[in-house]
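Please look through the sequence and the coordinates shown below. The questions that follow move from the whole chain to single elements and side chains.

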Amino acid sequence: MATFLYRVGRLAFRRRWYVALVWAAVLAAVGLGALKAPGASDEEFSMPGIESQKAFDLMEQRFPGATADGATVRVVFVAPSGEKVIATENKRAVEKAVADLADGTQVASAADPFQAKAVSEDGTTAYTTVTYKVAADDLTAADRTRLERAIHTAQDSGLTVEAGGSAMDDGGGAGGAAEVIGVVIAAVVLLATFGSLVAAGLPLLTALIGVGVSTATILTLSQALGLSTTTGTLAMMLGLAVGIDYALFVVSRYREERAKGRAPQEAVGLAVGTAGSAVVFAGLTVVIALAGLAVVGIPMLTQMGLAAAGAVVVAVLIALTLVPALLGFWPNAVLRRQARKSGRIEEEGTRNNGGSRWARFVLRRPLPVLLLGVVGLGALAVPMTDLQLGMPGDEAKSASTTERRAYDALAEAFGPGFNGPLTVVVDAKGDDDAKGGADAKDAAETIARELRGTKGVVSVSPARFNEARDTAVFQVVPSTAPTDEKTKDLVTTIRGERPEVESETGATFEVTGTTALNIDISDKVQAALIPYLVVVGGLAIVLLLVVFRSLLVPLKAALGFLLSVLASLGVVVLVFQQGHGAGVLGVEQTGPIMSLMPIFLVGIVFGLAMDYEVFLVSRMREAYVHGEGPGQAITSGFRHSARVVVAAALIMIAVFAGFVGEGDSMIKMIGFGLASAVLFDAFVVRMAIVPAVLALLGDRAWWLPKWLDRLLPNVDVEGEALSRRREADLEAAREADPEADPEADPEADPEADPEADPERAGTPGQEVART
């Protein structure tokens, strides 16, 4: 592996114009394809294999034209203090607003609250539900404007008018400012790390090119592959983060090789051969973690995982080809300004720095450091035992939003369960059409009567029948809020009573609706979490076994990752569910943790954590293979890699933490969870627990049974073959011409390449370093 990538790096350096033109052509081609491709589809969210989804599918089949995924908006009218909404003037204003809302070209229906009995008992509040024929993303600007105008007109009459529902979603979300903040912080970290504007800008440039290629490719293929508009979100976020990190590691190794007196082309080859090998295997672990999201069985999650995996592959390819090509254009520009001016390149790998000093501190006190790290993360993980999954809705939004105010107004006027009604779908058709089914009306009445007597049910609406009169739909309003655990218990109770009711009526029924769907999603995700961990963790352990040729290092890496993920989930529960410190982050309403949060956290952080493991421990392994003792190898690994790993982690944290500033609580949750997980994994697990464990294990850390050593392929991430080959080449050169400089790079001769400049043949600083 190292030898092959060494050749790739040197080839990219020599043929830099061709490499740059190829990537420019790829970016232009996919960019043009994205511009000409049809827009991404807006498929409804689906979750095969759960009851709620089956009921939705049945409703679409039996009630054609009234699709379950059509956008809706619930407009709430509250009378001024001391008045009733049924007063003449207020009633007239409400009716006019409803008429205006119903006049939209995409509107399917807009119910009159006075005819639909949608008025509170005290007469102060009324609401109308507007149903659209299309999904929220397909609403035209004209219909959105009509909705806003109708609300403002009713407000001008003196009513308090608020609105909530899927139609209020303008398609916004994370991005924009959050990404800009992350990029700016990443630039500052890179500048502080490298001390050179070019060295700081190169990883940013190549990462943005990679994100552009992957995002444009997703947009180009979205229609053909049926990808949704949200597929590229994760790809953009991860592509930016790993793209910066992978280029950072290659550039850092290049500077290190230059400091040893290597010619630019040779330094590039060695950088790609060693750091590039680590990039390949780190990228593979991320791809495994993301592709493994298919285990969960959610099509949208599978698409997002595969798209993000593709973005990671692009980032790896750019780090191996475009980065060395750009280094060929500016071989000295990435060095520190002081080195370029003075002509002296200091060899950083031979002097003490913060990384080596920290490593020696851990080596002196490995057991206390290990216990402190494990106990600290374990304490943070304790709140995770109280984890409650759900899908926070409008109640989790800021009180400054109309959606939250509409939610609160309805809860106050009609009860907390009104915002999350359960939809019951009665199927009286029967499995055998020849035999016929039960009477839908009688079955619906019997089922509704049974549900009215169930504890926790406030009301049951009249049934609505399809044209064939074989299917009925009605709503059940719980007494508790949608995210309350008692509501989940109610759904379980209703489904548990089903066999008895079905045997009595001869018809079947299923419970669905947004509340039931969220409950079912949470249950399915929880059930898939352990298999996902087993599959992804198992594959990654095998991959790390090949990389490090050790039994204990991969196991230690996986256990450390598990500890950091549990700790990050614990702090997410602590803030977003229990409310500790929620005000600092601008979280106004606590509640259950988003259902997909654990699976997202495990998938993304697992890959990123293995990045740090591969980059840090591979340098320790490299030193150990080249003859250093276990303790000295740990110190060498930290001396060479600690600063770069810290910089990479800070960049990741900056990118993710930027999303904490978003207004949406779910985006806050994702950003906070990912940032805290990277913080724990990079600074506690990889920088403290890992060296402490390796120090305690000593030589045993690198032990591998001989029979397994013979079975595993030798991928040579440490570049041992490169070292042997280089020594042989230098010895042969000395024998052929004792007076020649064996370190010189004949391919770097400026006379041999008319495109080359004096920098390419070596700088005065290089000569100083050689002597």
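Q: What percentage of the residues in the protein is buried?
A: This is a predicted model, in which local features need pLDDT of at least 70 and side-chain atom pairs count only at pLDDT 80 or more, while totals for chains, interfaces and linings use all residues. Residues are numbered from 1 along each chain as its sequence is written, and side-chain values use heavy atoms, with hydrogens and water left out. Buried means under 20% relative accessible area, exposed over 50% and partly exposed in between, with a 1.4 Å probe and protein chains only. On that scale, the buried share of the 771 residues is 53%.

Q: How many helices and strands does the protein have?
A: Helices (H or I, at least four residues) and strands (E, at least two) are DSSP runs, numbered from the N terminus. By this assignment the protein has 25 helices and 11 strands.

Q: Is strand S6 enclosed or exposed?
A: Strand S6 covers residues 422-427. Leu 422, Val 424 and Val 426 point one way from S6, Thr 423, Val 425 and Asp 427 point the other way, and all are buried. Because 6 of the 6 residues are buried, S6 is, for the most part, largely enclosed by the rest of the structure.

Q: Which residue of S10 is the bridge partner of Val 426?
A: Two strands pair if DSSP finds at least two bridges between them. S6 is joined by 6 bridges to strand S9 (residues 471-478), in antiparallel fashion, and there the partner of Asp 427 is Thr 471. S6 also pairs with strand S10 (residues 508-512), again in the antiparallel sense, over 5 bridges. Within S10, the bridge partner of Val 426 is Phe 509.

Q: How far apart are the end C-alpha atoms of helix H8?
A: Helix H8 comprises the 29 residues 231-259, and 27 of them are buried. The expected span of a helix is 1.5 Å times one less than its number of residues, so for H8 a span of 42 Å is expected. The end C-alpha atoms agree with this, being apart by 43 Å.

Q: Which residue forms a salt bridge with Arg 253?
A: A salt bridge is a side-chain nitrogen of Lys or Arg within 4 Å of a carboxyl oxygen of Asp or Glu. Arg 253 is buried at a relative accessible area of 5%, and its partner, likewise in H8, lies 4 residues away, about one turn of the helix. That partner counts as buried at 3% relative accessibility. With the closest N and O atoms 3.1 Å apart, the partner of Arg 253 is Glu 257.

Q: Which residues are linked with Arg 253 in a network of salt bridges?
A: Lys 260 forms a salt bridge with Glu 256, at 3.9 Å between the closest N and O atoms. Lys 260 counts as partly exposed at 30% relative accessibility, whereas Glu 256 is buried at 10%. The network links Arg 253 with Glu 256, Glu 257, Lys 260, Arg 262 and Arg 619.

Q: How many residues apart are Arg 686 and Glu 613?
A: The side chains of Arg 686 and Glu 613 meet in a salt bridge, 2.6 Å from N to O. The pair links distant parts of the chain, with Arg 686 in helix H22 and Glu 613 in helix H20 (residues 597-625), and the separation is 73 residues.

Q: Is Arg 549 buried or exposed?
A: Most residues other than glycine have a negative phi. Arg 549, in the loop between H18 and helix H19 (552-577), has a positive phi of about 50 degrees although it is not a glycine. Given its 12% relative accessibility, Arg 549 counts as buried.

Q: What is the area of the nonpolar surface patch that includes Leu 696?
A: Patches are made of residues with over 30% relative accessible area and no salt bridge, like charges being joined within 9 Å and nonpolar side chains (Val, Leu, Ile, Met, Phe, Trp, Tyr) within 5 Å; areas come from the Shrake-Rupley method with a 1.4 Å probe, and for residues only the protein chains shown count as cover. Helix H13 (residues 366-381) gives the largest share, 3 residues, while Leu 696 lies in helix H22 (residues 665-697) and is partly exposed at 38%. The patch, made by Leu 367, Leu 371, Val 375 and Leu 696, has an area of about 370 Å².
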